[in-house]
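Okay, thanks for making room for me. I'll put the model up and we'll walk through it piece by piece.

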Amino acid sequence: MIIDSLRSLVEGWGVSPVWSTTLASAMALVGLAIVASILDQITKRILLGILIRIAKKSKAKWDDMLVEEKVLHQLAHFVPAMLVYSALPLVLAGWPEWLVSGLQQFALIYLAVVIVIAINRALNAVLRVYQQTETSTRVPLKPIIQVVQGIVAVSYTHLRAHETY
């Protein structure tokens, strides 16, 4: 495992075994933060850039609205957060389970917030596309969108409040 290799490296530097686990874990956490940051930049600059170019070249308006409402930008935060969530048990191997699961819960909260914001932005994009149609003058969609956004927010809050650790 990564931690065992780092611990051996640190002990090779003359660090006592008592402190080698802590230092190895700190190094692994810094490494995870660096990899997540690089992945974030790759996702935003390359993948997001490609998707935005595709959306701008298409004749459809809905994808332009997704770009303008920054739905894709919000979803780009998902990839590095999933990496952090998934890698925490490997990076913190040997640490108390409550600490690892607590940090994973923070990552899950962040992921949920990212998803809720992306859903709200997507609903705003839907509303903007709908408002450009003739039907929008006869049948208002904004109240329905606002109710759905409220349901999404309340559902998220309800799920977080009733989750067991």
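Let's start with G14, which comes after α1 and has a positive phi, near 95 degrees. Keep in mind that this is a predicted model. Confidence in the chain bottoms out in α1, at a mean pLDDT of 76, and peaks in α5, at 92. Over the protein chain the mean is 86, with 95% of residues at 70 or more. The usual caution is that where pLDDT is low, you shouldn't read the predicted coordinates in detail.

Staying with α1, residues 2-12: I3, L6 and V10 are the buried ones there. Look down the axis of α1 and those buried residues sit within an arc of 65 degrees, so they line one face of the helix. That's the helical repeat at work: with 3.6 residues a turn, residues three or four places apart point the same way. And what do the buried residues of α1 pack against? They go up against α2 and α5, with α5 running 78-91.

Now α2, which spans residues 17-57 and includes L47. L47 counts as partly exposed because its relative accessibility is 45%. It belongs to a nonpolar surface patch of about 790 Å², along with V30, I34, I38, I42, I46, I50, L51 and I54.

On to charges. How many salt bridges does the structure hold? Three. One is K44 with D40, closest N and O atoms 3.3 Å apart. Both are in α2, four residues apart, so about one turn of the helix. K44 is partly exposed at 30% relative accessibility, while D40 is buried at 14%.

Then there's a little network linking E68, E69 and R128. E68 and R128 come together with their closest N and O atoms 2.6 Å apart. E68 is in α3, residues 62-68, and R128 is in α6, so this pair ties together parts 60 residues apart in sequence. E69 meets R128 as well, at 3.1 Å, N to O. E69 is in the loop between α3 and α4, so with R128 in α6 that pair ties together parts 59 residues apart. As for cover, E68 is partly exposed at 48%, R128 is partly exposed at 29%, and E69 is buried at 19%.

Last stop, L123, also in α6, which covers residues 97-131. L123 is buried, at 15% relative accessible area. Leaving out residues up to four places away in sequence, L123 touches I145, V148 and Q149. Its C-alpha is 37 Å from that of V91, and the two are 32 residues apart along the chain.

That's my tour, so over to you.

How values were computed: Residues are numbered from 1 along each chain as its sequence is written. This is a predicted model: local features need pLDDT of at least 70, side-chain atom pairs count only at pLDDT 80 or more; totals for chains, interfaces and linings use all residues. Side-chain values use heavy atoms; hydrogens and water are left out. Patches are made of residues with over 30% relative accessible area and no salt bridge: like charges are joined within 9 Å, nonpolar side chains (Val, Leu, Ile, Met, Phe, Trp, Tyr) within 5 Å. Accessible areas come from the Shrake-Rupley method with a 1.4 Å probe; for residues, only the protein chains shown count as cover. A salt bridge is a side-chain nitrogen of Lys or Arg within 4 Å of a carboxyl oxygen of Asp or Glu. Helices (H or I, at least four residues) and strands (E, at least two) are DSSP runs, numbered from the N terminus. Buried means under 20% relative accessible area, exposed over 50%, partly exposed in between (1.4 Å probe, protein chains only). The arc is that of the directions from the helix axis to the C-beta atoms. Contact means heavy atoms within 4.5 Å. pLDDT is the predictor's confidence in each residue, from 0 to 100.
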